[in-house]
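Please walk through this structure from its enclosed spaces outward to its surface. The text below takes these regions in turn.

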Amino acid sequence: VCSNVVTSFVSLMSSVSVEIESIPVGWFHVKHLLKKFFALTVFAQANEMTPYLFPGLKEEFGIDSDEQALLASAAQGGTLLGAVITALTIDKFGRRSLMLVALPIASVLFFLGPLAQNIELLCFLRFLQCAMSNIALMSISTWYVEFLPARGRGSLMAAITPGWPIGRGVVILFAGWFSPQWRPLFGLGGVGLLVLFIVMLTAEESPRFLESKGKVAEANRILEEIRAQNGAAKDTSREAERSYGPEEGAESDAHLTFYDRATILFGTSHVNLSFSIVIFTVLACTTVLLDTWGPRVWQLILSPGSSELPDSALQVFNMGDLAGTILAIFISDRIGRKGAFMIGFWVQGLMYAALSTLVSYHHASWLVTFGFLAGFCRCFAWEAACFWTLEAFRTEVRGTAFCFCQVVMRLLSIITLQVSGHMISGMPPKTFLGCTSAAFFLGGVVVVVGMPMETANMPLAEGDKRSK
């Protein structure tokens, strides 16, 4: 029964996929890219602020390393809840609807953050903030990729990623300007999410999703608007092919329950799902830990005995990340997802191995240089993980698959943060960097060797051949 449902969906959705491929890249894609670029900048501010809250919270509430781990885990726990909610709803209610519900709620929760008078209440608010912001983030990520043609898709996806280090850079600047106050960071997040909500009111729903729900006429309307914005002539050669009756789409959609989606994911798509889970598991044990404890480790290396974070050095590392995202725009489709994994895991691991050796010599200039190079490699593994997962699954389960993998990653992140929170206070920076390097190397071996297929420069998966 499930195979018949999948077959009907493949035939139903192929027309929109072909139409999207036939529309030339133009003004619509520029606006589409700018919306997602701004969204990543906002979400970076909302997600990256956690370690920059620690100095102010330590001064006001006297929090220790365990309470820092609790706050970081609350953020990851909220992200986990957001991923679960999104996985259950995104392929049923749509990408646009979900983001427009989550964004204003997240904004209000960030404005409430400064009112917290103790660490327990702040952890609870941080949990809810990250839940809502992650629902919006994953909805927008799925929405963005479903408008892109196969040609140049990697570059169009990579072009948005500089928004994340730019957002992180704003957080670092704010933290430095207002140090040791922590409340302005929540105001920054609230304002950004509110502006993003206003911007996304102008967004259209994904035509791929609309057709999967039987709303063919609305999908065609959006496609023709995209053609008009790009100055492309109306394509009449496929009118008959795209004129499915609404009852046909509705009948197919009626059969695709959550159980059917789960059957597709854990049945025909189980290999792809297993690999995506492996990727995000490795990221949970590497990048997430670096994002949380990295600023503190660099404080111990560059400013031992100081309660202030080394903001200038952290900005240099962030500039390395920004430079890497810019390079990825031009080489993403050339090196493919496997090439990006190699840079993100192996080359970055090599940089941290060098850093673990250089720590003993106390040469600040060399440490900052290799920290910049490590930051330069940072984006490649994360980008490739998101790109591959969004490209490898069909429209009817794409959002669910992406969110399910995020659930696994956030659950493992909570565990690793709790374990590392007890260890980090007594661990020398040299040991931390050495362990990080080993984790990157070993994770890279698993990911590169186990990768089932290359998705760069391929149309988004819609048929059976790419869902094994």
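In this predicted model, the protein encloses 6 cavities of 30 Å³ or more. A general remark helps with reading such features: empty space left among the atoms shows up when a probe the size of a water molecule is rolled over them.

The largest cavity holds about 770 Å³ of space. Its lining is made up of 39 residues, and those nearest the centre are E48, L137, W164, W382 and R410. Which helix gives the most to this lining? Helix 6, which covers residues 119-145, does so with 8 residues. Sorted by class, the residues lining the largest cavity are 20 nonpolar, 11 polar and 8 charged.

Next comes a space of the open kind. The second largest pocket contains about 250 Å³ of space. Around this pocket stand 15 lining residues, with L289, S420, M427, F432 and C435 nearest its centre. Three helices each supply at least two residues of the lining: helix 16 (287-302), helix 19 (395-424) and helix 20 (429-450). Of the contributors to the lining of this pocket, helix 19 gives the most, with 5 residues. How many charged residues does the lining of the second largest pocket have? There are no charged residues in it, the lining being made of 11 nonpolar and 4 polar residues.

A single residue can serve as a closer look at the interior. A385 is part of helix 18, which runs over residues 364-392. Is A385 buried or exposed? With a relative accessible area of 0%, A385 falls under the 20% limit and therefore counts as buried. Along the chain, A385 and R337 are 48 residues apart, yet their C-alpha atoms are separated by 8.0 Å.

The last stop is the surface. Here F111, V191, L194, V195, I198 and L201 form a nonpolar patch, and together these residues have about 490 Å² of accessible area. Helix 9, residues 183-200, provides the largest share of the patch, with 4 residues. L194, one of the patch residues, lies in helix 9. The relative accessible area of L194 is 39%. Why is L194 called partly exposed? Buried means under 20% and exposed means over 50%, so a residue at 39% is in between and counts as partly exposed. The value for L194 also fits its place in the patch, because patches are made of residues with over 30% relative accessible area.

Notes: Residues are numbered from 1 along each chain as its sequence is written. This is a predicted model: local features need pLDDT of at least 70, side-chain atom pairs count only at pLDDT 80 or more; totals for chains, interfaces and linings use all residues. Side-chain values use heavy atoms; hydrogens and water are left out. Patches are made of residues with over 30% relative accessible area and no salt bridge: like charges are joined within 9 Å, nonpolar side chains (Val, Leu, Ile, Met, Phe, Trp, Tyr) within 5 Å. Accessible areas come from the Shrake-Rupley method with a 1.4 Å probe; for residues, only the protein chains shown count as cover. A salt bridge is a side-chain nitrogen of Lys or Arg within 4 Å of a carboxyl oxygen of Asp or Glu. Buried means under 20% relative accessible area, exposed over 50%, partly exposed in between (1.4 Å probe, protein chains only). On a 1 Å grid over the protein atoms alone, a cavity is a set of points where a 1.4 Å probe fits but cannot get out, and a pocket is an open set with protein on both sides within 12 Å along at least five of seven lines; lining residues have an atom within 4 Å of a point. Grid points are joined across faces, edges and corners, and a volume is the space filled by probe spheres set on the points. Ala, Val, Leu, Ile, Met, Phe, Trp, Tyr, Cys and Pro count as nonpolar, Asp, Glu, Lys and Arg as charged, and the others, Gly among them, as polar.
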